[in-house]
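Here is a walk through a two-chain model, from the way the copies relate down to single residues. Keep the sequence and the coordinates open as you read.

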Number of protein chains: 2
Amino acid sequence: MKIAIVLYEGFTALDAIGPYEVLRSVPGWEVEFVAQERGEVRTDSGVVGLTADRALAEVGEPEILLVPGGMGTRKKMEDEELLAELRRIDATTKWTTSVCTGSLLLAAAGLLEGKRATGHWAWLEPLRELGAEPVGGRYVEDGKTITAAGVSAGIDMALYLVGREAGPEVAQAIQLGIEYDPDPPFDAGSPEKAPAPIVELVSGISRAE
Amino acid sequence: MKIAIVLYEGFTALDAIGPYEVLRSVPGWEVEFVAQERGEVRTDSGVVGLTADRALAEVGEPEILLVPGGMGTRKKMEDEELLAELRRIDATTKWTTSVCTGSLLLAAAGLLEGKRATGHWAWLEPLRELGAEPVGGRYVEDGKTITAAGVSAGIDMALYLVGREAGPEVAQAIQLGIEYDPDPPFDAGSPEKAPAPIVELVSGISRAE
């Protein structure tokens, strides 16, 4: 199984690295980071530089395509060259996946037309304008498409995908290997659980960015 | 608040990127990736290259030091130059922290002498041989040292640290921002919860690596 994770200026590091750490641990699976041009790609914070080892145009027919989110999606949603590459690769994938606002890129490429999909909770409505049917959920499967909720949800989505493709034992072994037994000191990870003023604050920041 | 995250050949990407994504979101906090030499550092899988923007020798007095784990720790535990730099930086930190087997590097540097500490569940006993008192827990605080359990535990530890330093509202806002409302499809993230054969399998792989 070959997996291509697409990097672009302004992606969110954890969107890509969370699922990578799960998928790369399956025996025989090969993850590759790709971008429009080879070389270093900087994240939304500017602080992280990740190397793309292959140019998108050189990417063959990976079984899994994964598109992370990040503030860079705004600009990239209008990058026809990138969107065309996503469509080309999607044409032969077994699974096309996204994390967070990565679903906006898939939708802009026309790949979520009429499909149920999710993404970061503060960015669900724009999916509708792009022809998808936005729904809640940690990850949402519709046909060969799996879209995950915000940032950290990519880890859960990747474990689900490994369970589907390699079996629950492999997924459980990887979960144990990365000691993914989450126990955050607060319980504020969704707008339903976080205190209302916190939800308002974060919504405002998202709108302003 | 300045935070230095130490990279070295063979670190585990999620150990570093999980807490980074939390810490970098605090207004006014500055995260920097550092290594013995500036430039690209490859992870344990070889698939990820992350850029270190500063050489360790050029690192001043960050308030927070964070050391990720990974199979590369084996070799680095005997790298006296690296261990000396960790001791030098630790001398003026407010918090010295690690994720996963990063605690073995701190211990090898003599920084966990007599302290309660944790790390990846399969690598707790080696901590004792290095003078620490290994204990379980998602993250363990002893004085100014906070050590986190395996790989994904760095996210929980970072949220805790933000709660301590910037207040619970900021930590909750960040948790909501990264939608950290974990819901893995399996419940196998700790040796107490995973099926016994899975624990045996993963222990065997850890020992063999």
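Two residues are in contact if their C-beta atoms, placed from the backbone, lie within 7 Å. By that test, 58 residues of chain B are in contact with 58 residues of chain A. Bear in mind that this is a predicted model.

Which elements of chain B give two or more residues to the side that touches chain A? They are helix H1 (13-23), strand S2 (30-35), strand S4 (49-52), helix H6 (153-166), helix H7 (168-177) and helix H8 (196-208) of chain B. H7(B) gives the largest share, 8 residues. By character, the residues on this side of chain B divide into 34 nonpolar, 13 polar and 11 charged.

Now the relation between the copies. A turn of 180° with a shift of 0.0 Å along the axis lays chain B on chain A, with an RMSD of 0.0 Å. That is the relation of a two-fold axis. The same surface serves both copies: 100% of the contact residues of chain B recur in chain A. Which residue of chain B comes closest to the rotation axis? It is B:Leu50, whose C-alpha is at 2.4 Å.

Next, the sheet of chain A. It is an open sheet of 7 strands, in the order S5-S2-S1-S6-S7-S11-S10, and the pairing is mixed. Its edge strands are S5 (54-55) and S10 (139-142) of chain A, each pairing on one side only. Further in, strand S1 (residues 2-6) and strand S6 (residues 64-67) of chain A run parallel and are joined by 3 bridges. There, A:Ile3 stands opposite A:Ile64 in S6(A). Helix H6 (residues 153-166) of chain A packs on this sheet. H6(A) touches strand S7 (95-99), S10 and strand S11 (145-148) of chain A, and its direction makes about 150° with that of S11(A).

Look at the S10 edge of chain A. S10(A) and S11(A) run antiparallel, with 4 bridges between them. One pairing sets A:Val140 against its bridge partner A:Thr147 in S11(A). The two strands form a hairpin with 2 residues between them. A:Gly143 in the turn has a positive phi of about 65°.

H6(A) also has a helical partner. Two packed helices are described by the angle between their axes and the distance between the axes. For H6(A) and helix H7 (residues 168-177) of chain A, the angle is about 145° and the axes are 6 Å apart. From H6(A) come A:Leu159, A:Val162, A:Gly163 and A:Ala166. They meet A:Pro168, A:Val170, A:Ala171, A:Ile174 and A:Gln175 in H7(A). The residues of this contact divide into 7 nonpolar, 2 polar and no charged.

Turn to chain B. Its open sheet of 7 strands has the order S5-S2-S1-S6-S7-S11-S10, with mixed pairing. S5 (54-55) and S10 (139-142) of chain B are the edge strands. Strand S1 (residues 2-6) of chain B is joined to S2(B) by 5 bridges, and the two run parallel. In S2(B), B:Glu32 is the bridge partner of B:Ala4. H1(B) lies across S1, S2, strand S6 (64-67) and strand S7 (95-99) of chain B, running at about 170° to S1(B). H6(B) packs on the sheet too, touching S7, S10 and strand S11 (145-148) of chain B.

What fills the interior? The largest nonpolar core has 148 residues. Of these, A:Ile5, A:Leu7, B:Ile5 and B:Leu7 touch the most other members. Take B:Ile5. Not counting residues up to four places away in sequence, B:Ile5 touches B:Ala16, B:Tyr20, B:Val31, B:Phe33, B:Leu66 and B:Pro68.

Finish at an edge strand of chain B. B:Arg54 is found in strand S5 of chain B. Why does B:Arg54 count as partly exposed? Because it has 14 C-beta neighbours inside 10 Å, and a residue is exposed at 12 or fewer and buried at 20 or more. Leaving aside neighbours within four places in sequence, B:Arg54 is in contact with B:Glu32, B:Val34, B:Arg38 and B:Val59. B:Lys76 is 22 residues from B:Arg54 along the chain, and their C-alpha atoms are separated by 18 Å.

Terms used
Residues are numbered from 1 along each chain as its sequence is written. Chains are lettered from A and ligands numbered from 1 in the order in which they are written. This is a predicted model: local features need pLDDT of at least 70, side-chain atom pairs count only at pLDDT 80 or more; totals for chains, interfaces and linings use all residues. Copies are superposed by least squares on the C-alpha atoms of residues with pLDDT of at least 70 in both. A nonpolar core is a set of buried Ala, Val, Leu, Ile, Met, Phe, Trp, Tyr and Cys residues joined through C-beta atoms within 7 Å. Two strands pair if DSSP finds at least two bridges between them. Axes are lines fitted to C-alpha atoms, for helices over the stretch in contact, and angles run from 0 to 180 degrees between N-to-C directions. Ala, Val, Leu, Ile, Met, Phe, Trp, Tyr, Cys and Pro count as nonpolar, Asp, Glu, Lys and Arg as charged, and the others, Gly among them, as polar.
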